[in-house]
Amino acid sequence: MEKYAHIEKEDPEVFGAIVGEEKRQAEGLELIPSENYVSSAVREAMASGLTNKYSEGYPGKRYYGGQEFTDSVENIARDRAKELFHAYAANVQPLGGANANIAAYMALCAPGDTILGMDLSHGGHLTHGHPVTYISKVFNFVRYSMKDVETGEIDYDALLETAKKERPKIILAGFSAYPRTLDWKRLSDIAREVDAYSVADVAHIAGLIAGGAATSPFDYGFDVMTTTTHKTLRGPRGGMILTNGGGDAERAADIAKKVDKAVFPGLQGGPHMHQIAAKAISFKEALQPSFKTYAKNIVENAAAMAEVFKASGARLLTGGTDNHLILADVWSSFGISGAEAETLLDNAGMTLNKNSIANDTRGPMDPSGIRFGTPAMTTRGFGTEASKEVASLMLNVLKNRDEASVAAARARVHELAAAHPIPESFV
Ligand SMILES: *Cc1c(COP(=O)(O)O)cnc(C)c1O
């Protein structure tokens, strides 16, 4: 463990926690669909001296001196982000996905304005105005939802009616627990019809979009995309706001200006330049042809796992998946709660999360569903056959729930993990 020699010497307590976590990551299988493994190059940037620098402002317009190299890093990151997502402008300063969303709301709305977003229990995210968030008290969030939870189809007619009635400033599309593709065209058409901005929160699927394995909202007239950089995009923990103005350069320039002001000085302080350097590196990795293969494999592996679950009689929300994640109703399928399933599978070395499902009959702390996905496994080189085996191991544990099944699954998980080491480089 000589790579942390200084931490080991200075601070054995923190050293122990870091080493323990890295061992956990290496030996188990990560099925949480919002997690991934970054390259060593990204990690080196995160540990670089750029963390020492204050760079409030934007390239060429900073509040402090000594910005020769930080300007260069941020310009590289912005240019690569624009190339990757065919965007007119990119703001790479948001510290995470939540900040990116809040800044986008601030850029395009005044306090009290209405934002029309996906029902949280139908796959929307906490930052889309959940009552526990402060931002839900600043803006007026109203909801659209699925018409049919068995197919996942959104009720676009009802959405249009709500939009006409509520006159939102933003139509917000995007999700953290929705396994299907949204009709970006329909959503941006509705936004245009009611004179709202269209914002897609692609935090989960940014890597699929960048790799061509999912459609891009920008190809269907969206104004703005917010995203994390650490989920399928496989960069450092962070956020980003991309602007395209529905393909209209003037509209895009106007929005981009508002976005920049909202991020800084509106919401954040100094940008984390070490994180921005790491973002730039991960964008370069995502621009390689090999990233297209990665994105395609994520989707194929998820489809393979969904097939195994369906063949066993499990109920999957929306009937399957088009992307990287699967939502299974373990309560109605196996008579086990989401929290119990999470714990059992964790004991078997497979990490995932309990999740509420649409029209859940159980409470949020112990819901009916589990959510899992393939981005991290696919980074480790799992193909469809190995993914199917993982699905079978999960099902064995969920059905039998005895110590022997858990132990057997854990032993096989350790073998699979050892056979698929976490890679250090993607280029
Ligand atoms: C993960 C996620 C976020 C929040 O990202 P953080 O980096 O955790 O703040 C926002 N929106 C969606 C849809 C997400 O899935």
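This report describes the sheets, salt bridges and ligand surroundings of a predicted model.

## The seven-stranded sheet

Seven strands make up an open sheet of mixed pairing, and their order is S4-S12-S11-S10-S9-S5-S6. At its edges stand strand S4 (89-91) and strand S6 (140-144); each has a single partner strand, so one side of each is left without a neighbour in the sheet. On average, neighbouring strands of this sheet are turned by 20° against each other, direction ignored.

At the S6 edge, strand S5 (residues 114-118) pairs with S6 in the parallel sense, and five bridges connect the two. Within this pairing, Met118 has Tyr144 of S6 as its bridge partner. Helix H10 (residues 249-267) packs on the sheet, where it touches S4, strand S10 (197-201), strand S11 (224-228) and strand S12 (239-243). The direction of H10 makes about 155° with that of S12.

## Strand S10 within the sheet

Strand S10 is paired with S9 in the parallel sense over five bridges. One of the residue pairs involved is Ile171 with Ser198, the latter being the bridge partner in S10.

How many residues of S10 are buried? The strand is mostly covered, with five of its five residues buried. In a regular strand, side chains alternate between the two faces of the sheet. In S10, Tyr197, Val199 and Asp201 lie on one side, while Ser198 and Ala200 lie on the other. Both faces are covered, and all of these residues are buried.

## Ligand surroundings

Which residues come nearest to the ligand? Of the 14 residues around the ligand, these are Gly97, Ala98, Asp201, His204 and Lys231. Asp201 is also one of the buried residues of S10.

Three polar contacts may be described in terms of the atoms involved. A polar backbone atom of Gly97 is 2.8 Å from an oxygen atom of the ligand. In the case of Lys231, an N or O atom of the side chain is 2.8 Å from an oxygen atom of the ligand. For Asp201, a polar side-chain atom lies 2.6 Å from a nitrogen atom of the ligand.

## Salt bridges

The model contains 26 salt bridges. One of them joins the side chains of Asp71 and Arg62, with an N to O distance of 2.8 Å; both residues are buried. Another links Asp113 with Lys169, whose closest N and O atoms are 3.0 Å apart. Asp113 is located in the loop between helix H5 (97-108) and S5, and Lys169 in the loop between helix H7 (156-166) and strand S9 (170-174), so this pair ties together parts that are 56 residues apart in sequence. Asp113 counts as buried because its relative accessibility is 17%, a value under 20%. Lys169 counts as partly exposed at 36% relative accessibility.

A further salt bridge connects Lys165 and Glu166, with the closest N and O atoms 3.8 Å apart. Lys165 has a relative accessibility of 67% and therefore counts as exposed, whereas Glu166 is partly exposed, with a relative accessible area of 26%. In addition, Lys3, Glu22 and Arg43 are linked in a network of salt bridges.

## The four-stranded sheet

An open sheet of four strands follows the order S13-S14-S17-S16, and its pairing is antiparallel. Strand S13 (315-316) and strand S16 (353-355) are the edge strands, each pairing on one side only.

Strand S13 and strand S14 (residues 325-329) run antiparallel and are joined by two bridges. Here Leu316 stands opposite Ala328 in S14. Helix H12 (residues 289-311) lies across S13, S14 and strand S17 (369-373), and runs at about 15° to S14.

## Thr351 and its contacts

Thr351 belongs to strand S15 (residues 350-351). With 14% relative accessibility, Thr351 counts as buried. Apart from its neighbours within four places in sequence, Thr351 is in contact with Arg24, Leu29, Glu30, Leu31, Ile32 and Asp346. Thr351 and Leu84 are 30 Å apart in space, C-alpha to C-alpha, and 267 residues apart in sequence.

Notes. Residues numbered from 1 in each chain as written. Predicted model: local features only at pLDDT ≥ 70, side-chain atom pairs only at ≥ 80, totals over all residues. Heavy atoms only, no water. Pairing = 2+ DSSP bridges. Axes fitted to C-alpha atoms, helices over the stretch in contact; angles between N-to-C directions. Contact = heavy atoms within 4.5 Å. Salt bridge = Lys/Arg side-chain N within 4 Å of Asp/Glu carboxyl O. Buried < 20%, exposed > 50% of the residue type's maximum accessible area, 1.4 Å probe, protein only. Near = heavy atom within 4 Å. Polar contact = N/O pair within 3.5 Å; in protein donor to acceptor, adjacent residues only side chain to side chain.
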